[in-house]
Amino acid sequence: MAGNGYKNEFGVFGERPKVPKKLYDAKYVIGGLIVFFVIASFTLWPNLGKTIPAPQPKLETPVILKLKEADRKCVLPKAEIRATHMQMLVDWRETVVRSKEKGAVNGREFVAPDGKKYLASLTNTCMDCHSNKAEFCDTCHNYAAVTPNCWGCHLETGKKLAEAK
Amino acid sequence: MGMDRREFIRLAGLSALLGLGGKGAFEIVRPGLALAGFEPAPKALEGKRWAMVVNMQKLDEATAAKCVEACHRVHNVPDFKNPPDAKLQLPPEIVSRHEIKWIWTEHFHNAFVEEQPMEKVQHLPFLLLCNHCNNPPCVRVCPTKATFQREDGIVMMDMHRCIGCRFCMAGCPYSARSFNWRDPRPYVAQVYPGYPTREIGVVEKCTFCAERLAQGLMPACVEASRGALVFGDLADEKSQVSATLKKYFTIRRKTHLGTNPQVYYIV
Amino acid sequence: MLEKALVGTKRYYTLLAILAGIFALGFLFYLKQLNVGLGITGMGRDVSWGFYIAQFTYLVGVAASAVMVVLPYYLHNYKAFGRVTILGEFLAVAAVTMCVTFVLVDMGRPDRVFNVFKYPTPNSVMFWDIIVLNGYLLLNILIGWNVLECERHSVPPPKWVKFLIYVSIPWAVSIHTVTAFLYAGLPGRGYWLTAIMAPRFLSSAFAAGPSLLVLLCLIVRKYTKFDPGREQIQSLGKIVTYATLINVFFFFCEVFTVFYSQIPDHLLHFKYLFAGIDGKARLVPFMWISIVGMTITALCLTNPAFRKNENTLALLCGMVIITTWIDKGLGLMTGGFVPNPLEKVTEYWPTVPEAVITLGVWALGFLVLSLLYKVAVSIKEEVQA
């Protein structure tokens, strides 16, 4: 949109006065940028200089302690479950809640890579072993400032559905 | 002079759109985890068309109350009338407006509005619940398929997907659905650990205890009904529910609407 | 051109400040609603849609009425409307903005609104409603802005704008029809289950929208240097007249079908609205004011003398707006839900937080309208000079 006769509120484009190129109102521009960066980073200020220790999730719960050493494994290997449990739980949810929908995968039992079968349920399976949410789930979640929205509905302690009458 | 203001805004806007849209597109297109590792639980009850018969000849007020209590207990349905804490007491019109009920009793002239009131059945406690219609209008109107019809006939609720638009509540001709107008958790006196609660802003209703069927159990109301409620697979000739329907004359609610409800009443 | 909205008289700034203040108040109450839940409104298990959706329904009508000025000008070369098409289009933008905001405010889980796009469901009318509404918003913004800009530079609008204008005409009819279909396809709601729902929506839209446009034109003439024109206002008045007459006729058609066939499923809702059931008659005075007022207004509008006098025309247009608002904004929603499918009567009335949030959204709409109208009027004034 250059040159000949394009007009806006500042005048005809080609006829604008030539003004030397420099940073006008430098005080306000630089000052404003500094204020912006201070405000934008203010959440980091309280933690300056402090060392926040890495989270230490506790695995010692009554149910886990009852298991033999060899049986103390999660549904997926440790590195994998740590990295992908968020997606895995979403997949569990979609499959279990929407099972028997037309075209959907049917079933509530998750078959782990090692062949073992688990009921696909956060409260009844995961929380059964890891019954210490505050010392397990929350340690990492608080450290990473993550608020998973599962707990608004799902309960933190579970019993197997068939046992609970 | 480089770019003018108009071009800059165009470029910035397009970049923002691509940036945001790109993430969205990635979410939709991205390959999910292998979902093949699922199978039904060993004891799961399988059916092609679940249905229920309510035998009013065997149902009295006390049993009906037990059915309601059983259902609401195992699904953590809040009770606004009798809160566990006196501080949570609510005025009566709020209690009735915000009420959540999956199964409840009504008199004949409310349950079957097209019929003339009949002395014989007028005061019976008819148990009403979601009819799990074969042609459900609520499923037709849901904009996100948060309520959907399963292959075994159950009209299911996905509380995770529900956006709380309440179109399904407007669509249901049987007033079977409830909405969470407030946080339900403080009003659940005894939390049942095997089932979640709900949050504000989603619709809920009877699901024919799909989670219990998947574990080989009968729906909670059927178990509490002492034989007054018969539940089973209508597509199975040999099921109790098929036999019951062959033996007795039954009525259903508002059949003229074409919803094909699957809760039958023996009067 | 947006800079035109940033400078104005003191009166203009005061208007913006008041509207922004009301919007801010509504927003604060909305935060409370997000926290506590939709229970702070008067809605409940039986009347599950209330004031918010009612306003949305009414405003869809107002939005579609832009087509009433666009159609004569672009399709039939009625040159006089050239002055006011931009006012109609910008009114549509403000109205659709309010519609979308009312839907968001009514949702139980607005954080999940993108589920509608992630899981498209073509069999759901609401899915189509969201698409056509947003489409109409985009259309009117593009058309209005471009035509105005071209007018400013005294060049004809490009061909693609003309194409969009032709698209916007059936699109306007579609936003109504789709919104009416939200109600008209529900088997359990006898009050709404009528084929005439979409035509009624159209007729009341073409009555209310141009009425509002008439009032806005009179205000613009009084407070700015741009005069939309006497002939234009008279033409709008004629449109309002016919639309209101048709609206009243449609209502009497409904009344006949319901009361002559005497099917309780449909009859009870009319009985509740116009006579009350078991003493529960909260809406009865409003409904009578609406229908009697609308009929009298329609009949008065047929008198050319009343239309020619712009004061009486303004009064009658105001009456049309009020009566159609009561009919669609109060009567339609509650009438559909009362009595409930079990033939029990649960009355509905908006609560204070609900009313404040509603006012806040209306203020937002009028804020958008003021800003856009300021731009349009300033450009028109500039071109005139």
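In which sense do strand 3 of chain A and strand 1 of chain B pair, and over how many bridges? The two strands pair in the antiparallel sense, over 2 bridges. Please keep in mind that this is a predicted model. Here is a friendly tour of the sheet shared by chains A and B, the contacts that chain B makes with chains A and C, and two helix pairs in chain C.

**The sheet shared by chains A and B**

- The pairing of strand 3 of chain A with strand 1 of chain B, which covers residues 38-39, belongs to an open sheet of 3 strands.
- Reading across that sheet, the order is 4(A)-3(A)-1(B), and the pairing is antiparallel.
- At the residue level, Phe110(A) stands opposite Phe38(B), which lies in strand 1 of chain B.
- Strand 4 (117-119) of chain A and strand 1 of chain B stand at the edges with a single partner strand each, so one side of each has no neighbour in the sheet.
- As background, strands of a sheet pair through backbone hydrogen bonds, in either a parallel or an antiparallel way.

**Where chain A touches chain B**

- Across this interface, 32 residues of chain A are in contact with 29 residues of chain B.
- On the chain A side, helix 3 (78-97), strand 3 (109-111) and helix 4 (122-129) each supply at least two residues.
- Helix 3 of chain A gives the most to this side, with 6 residues.
- Sorted by class, the side of chain A that touches chain B has 13 nonpolar, 10 polar and 9 charged residues.

**Where chain C touches chain B**

- Here, 32 residues of chain C are in contact with 40 residues of chain B.
- Helix 5 (115-118) and helix 6 (125-152) are the elements of chain C that give two or more residues to the side touching chain B.
- By class, that side of chain C has 14 nonpolar, 11 polar and 7 charged residues.

**The domains of chain B**

- Chain B is divided into domain 1, residues 1-34, and domain 2, residues 50-266.
- The centres of these two domains of chain B, taken over C-alpha atoms, are separated by 46 Å.

**Helices 9 and 10 of chain C**

- Helix 9 (residues 230-261) of chain C packs with helix 10 (residues 264-274) of chain C at an angle of about 120°, and their axes are 8 Å apart.
- Helix 9 and helix 10 of chain C are therefore oblique to each other, and their crossing is left-handed.
- From helix 9 of chain C, Val255(C), Val258(C) and Phe259(C) meet His266(C), Leu267(C) and Phe270(C) of helix 10.
- This contact has 5 nonpolar residues, 1 polar residue and no charged residues.

**Helices 4 and 8 of chain C**

- Helix 4 (residues 85-106) of chain C and helix 8 (residues 197-223) of chain C also pack at an angle of about 120°, with axes 11 Å apart.
- The crossing of helix 4 and helix 8 of chain C is right-handed.
- Leu87(C), Gly88(C) and Leu91(C) of helix 4 meet Leu212(C), Leu213(C), Leu216(C) and Cys217(C) of helix 8.
- By class, the contact of helix 4 with helix 8 of chain C has 6 nonpolar residues, 1 polar residue and no charged residues.

Note on methods. Residues numbered from 1 in each chain as written. Chains lettered and ligands numbered in written order. Predicted model: local features only at pLDDT ≥ 70, side-chain atom pairs only at ≥ 80, totals over all residues. Axes fitted to C-alpha atoms, helices over the stretch in contact; angles between N-to-C directions. Helix = DSSP H or I, 4+ residues; strand = E, 2+ residues; numbered from the N terminus. Parallel < 35°, antiparallel > 145°, perpendicular 65-115°, else oblique. Left-handed = near helix turned anticlockwise from the far one by under 90°. Contact = placed C-beta atoms within 7 Å. Nonpolar A, V, L, I, M, F, W, Y, C, P; charged D, E, K, R; others polar. Pairing = 2+ DSSP bridges. Domains from an automatic or database assignment.
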